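Let's take a walk through this one together, starting at the nucleic acid and ending at the ligands. Have the viewer open as you read.

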Number of protein chains: 2
Amino acid sequence: MNTKLPPRTVERLSKYRRLLDKYKDLEEAHIYSHKLAALLNLTPEQVRRDLMLIGLTGNHRKGYNIKALIGQIGTTIDRQEGHRVALVGIGNLGKAVLGFIRKANTKMDIVAAFDIDRNKVNTQVAGVACYDIGAAAQIISREQIRIAILTVPPEAAVNTATLLLESGIRGILNFTSVHLDVPPGIYLKDYDIITSLEEIGFFIMD
Amino acid sequence: MNTKLPPRTVERLSKYRRLLDKYKDLEEAHIYSHKLAALLNLTPEQVRRDLMLIGLTGNHRKGYNIKALIGQIGTTIDRQEGHRVALVGIGNLGKAVLGFIRKANTKMDIVAAFDIDRNKVNTQVAGVACYDIGAAAQIISREQIRIAILTVPPEAAVNTATLLLESGIRGILNFTSVHLDVPPGIYLKDYDIITSLEEIGFFIMD
DNA sequence: AATTTATTGTTAATTTTTTCACATTAGTGA
DNA sequence: TCACTAATGTGAAAAAATTAACAATAAATT
Ligand SMILES: NC(=O)c1ccc[n+]([C@@H]2O[C@H](COP(=O)([O-])OP(=O)(O)OC[C@H]3O[C@@H](n4cnc5c(N)ncnc54)[C@H](O)[C@@H]3O)[C@@H](O)[C@H]2O)c1
Ligand SMILES: NC(=O)c1ccc[n+]([C@@H]2O[C@H](COP(=O)([O-])OP(=O)(O)OC[C@H]3O[C@@H](n4cnc5c(N)ncnc54)[C@H](O)[C@@H]3O)[C@@H](O)[C@H]2O)c1
């Protein structure tokens, strides 16, 4: 079900599902486009169009069936078999991420974590097995891991990313704020809290 | 210098500066739009347009003077006096954020952190004073804090956000993945790693 | 000094995204 | 049963963002 979808739509679909996840077991719960829009600061038209794009159809009187909505978002943006993810760098941020994803209901499975610190290697954090970074190539290949979350210290970022790409990683979520040069075909997403803060700062000025 | 700027431009300006920050002391360093674009997966035209929008002018032969570029981004998106920020919830994520921002060169100053845990209250983390959440209203008002980073457990999110808004906070960076209902005029930005991962997952499928 | 070159600055064109507008429709209740 | 209501679904319009195109130009070279 991988038709070409606008990137923004993909992002919003993920958010709809995150928001409505807690109602997923209610068989007959519905939500109106204007309600969903209000919850996420969007317009009702935008919500309807997004849902239209994934072929979801609502009820003219009750709105969208939440269970169906979650299901359809799943068939659209998830891989059936899920995604196998590695976390690299089990520091404060890495631990927070592990704990967070463990609790979340998602097809993103963190199947391995890597660190260089001997005290962390061969332990479990939030139910995830931690390995030495030296074993990364082997484990990523064996476990068919395709996505990596990079939370190593900045000075280790470039080398670690190179290693990950050589090991078969196809997408990186990079928290290090270090610029990574990736070849075409690799999906790199950077997140930097400072950019978020500066954006907030700019828009609250008056 | 607060002309109306497209939100995307603001975000990219922040990224240009983050990326070039390390060259800020080189008096005569220049960069071409195409070089900057390549570093951030943008087009040269987009870079030139962004810089045009903030009234920055490059040299036809050498490109943009990095120091001038950083300066002009500053006058455009920063407040001269900086922004006073509070971090609320000093757990794994909160500590990572404190350490990160302390090291970064930015006008965002974290001037207080809050927690409910008695072991954390009245300590310092990454040079930031930690207070009891009960003192938040008083300290936020006294310190004129306008922006809060919310890293409390999900179940505390709504109440804590209410308290922050009552205390004068105008912008919230919300990591809790809990939906917050904020009145108009308050700038809320949510970040959820799962949405980032799902986006990566979707776009590496083929 | 003239020529060449590579880049900027910017208008115009294009593409993408959002919003409008309204016909259609499922349920409600008189 | 039949109008009425408050939604959806979607083509069309508008707005926003990006990309193309190219004249202007500053430095390097001859
Ligand atoms: N983008 C953001 O918003 C943001 C926020 C906070 C932190 N950060 C960044 O995230 C990263 C981690 O932050 P943190 O606070 O968790 O740091 P941390 O020092 O607590 O953790 C880093 C971990 O990486 C491990 N490590 C070091 N070298 C390694 C290597 N070569 N291979 C594997 N593991 C290695 C360390 O042993 C440690 O466990 C840093 O780069 C930091 O700057 C980014
Ligand atoms: N959005 C994301 O990408 C992302 C990633 C990781 C974690 N998270 C979320 O961030 C939050 C923090 O995660 P963490 O791993 O640091 O959790 P944590 O449990 O380590 O830290 C939470 C901290 O908040 C404090 N706290 C509890 N109640 C409080 C209150 N009422 N007022 C002030 N402080 C209070 C606790 O004492 C603790 O120090 C959680 O909501 C988690 O789900 C989000």
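Which atom of DNA strand D lies 2.6 Å from a polar side-chain atom of Thr57(A)? It's a phosphate oxygen of DNA strand D. Bear in mind from here on that this is a predicted model.

Let's stay with DNA strand D for a bit. Ser33(A) also reaches a phosphate oxygen of the strand, with a polar side-chain atom 2.5 Å away. Chain B joins in too: an N or O atom in the side chain of Thr43(B) is 3.2 Å from a phosphate oxygen of DNA strand D. The elements that give two or more residues to this surface are α2 (33-40) and α3 of chain A, along with α1 (7-20) and α3 of chain B. The most comes from α3(B), which gives four residues.

Now zoom out to everything around that strand. There are 24 residues surrounding DNA strand D, and Ser33(A), Thr57(A), Gly58(A), Arg61(A) and Tyr64(A) are the closest. If you look at which atoms of DNA strand D come within 4 Å of the protein, sugar and phosphate account for 58% of them. As for the residues of this surface, four are nonpolar, eleven polar and nine charged.

On to DNA strand C. Here 26 residues are around the strand, and the ones that come nearest are Ser33(B), Arg49(B), Thr57(B), Gly58(B) and Arg61(B). Chain A has its own contacts to show. A polar side-chain atom of Arg12(A) sits 3.0 Å from a phosphate oxygen of DNA strand C, and for Arg8(A) the distance from a side-chain N or O atom to a phosphate oxygen is 3.4 Å. His60(A) goes for another kind of atom: its polar side-chain atom lies 3.0 Å from a sugar or linking oxygen of DNA strand C.

Which elements build the surface near DNA strand C by supplying at least two residues each? From chain A they are α1 (7-20) and α3 (44-53), and from chain B α2 (33-39) and α3 (44-53). With four residues, α3(A) gives the most. Overall, the surface near DNA strand C has five nonpolar, eleven polar and ten charged residues. Of the strand's atoms within 4 Å of the protein, 59% are sugar or phosphate, and bases make up the rest.

Next, how the two protein chains relate. You can superpose chain B on chain A with a rotation of 180° and 0.0 Å of shift along the axis, at an RMSD of 0.1 Å. The two copies are therefore related as by a two-fold rotation axis. They also use the same surface, as 100% of the contact residues of chain B recur in chain A.

Aromatic rings turn up as well: over all chains, the structure holds eleven aromatic pairs. One of them is Tyr191(A) with Phe175(B), an edge-to-face pair at 6.5 Å centre to centre and 90° between the planes. Tyr191(A) is in the loop between β9 (187-190) and α8 (193-204) of chain A, while Phe175(B) is in the loop between β8 (171-174) and β9 (187-190) of chain B, so this pair joins two chains.

Tyr191(A) also leads us to ligand 1, being among the closest of the 23 residues that surround it, together with Leu93(A), Asp115(A), Lys120(A) and Val152(A). Why is this site shared between chains? It is shared because residues from both A and B surround ligand 1. Asp115(A) has a side-chain N or O atom 2.5 Å from an oxygen atom of ligand 1, and a polar backbone atom of Ile116(A) is 3.4 Å from a nitrogen atom of the ligand. On its own, ligand 1 has 850 Å² of accessible area, and the protein covers 83% of that. The largest share of the shell, three residues, comes from α7(A). By type, the shell holds 13 nonpolar, six polar and four charged residues.

Last stop: ligand 2, which lies between chains A and B. Phe175(B) is one of the closest residues here. Backbone N or O atoms of Val152(B) and Ile193(B) lie 2.6 Å and 3.0 Å from an oxygen atom of ligand 2. The protein buries 83% of the 850 Å² that ligand 2 exposes when taken alone. In this shell α7(B) gives the most, with three residues.

Methods: Residues numbered from 1 in each chain as written. Chains lettered and ligands numbered in written order. Predicted model: local features only at pLDDT ≥ 70, side-chain atom pairs only at ≥ 80, totals over all residues. Heavy atoms only, no water. Near = heavy atom within 4 Å. Polar contact = N/O pair within 3.5 Å; in protein donor to acceptor, adjacent residues only side chain to side chain. Areas by Shrake-Rupley, 256 points an atom, 1.4 Å probe, with all protein chains shown as cover. Nonpolar A, V, L, I, M, F, W, Y, C, P; charged D, E, K, R; others polar. Least-squares fit on C-alpha atoms with pLDDT ≥ 70 in both. Contact = heavy atoms within 4.5 Å. Phe/Tyr/Trp six-rings, centres within 6.5 Å; stacked < 30°, edge-to-face > 60°.
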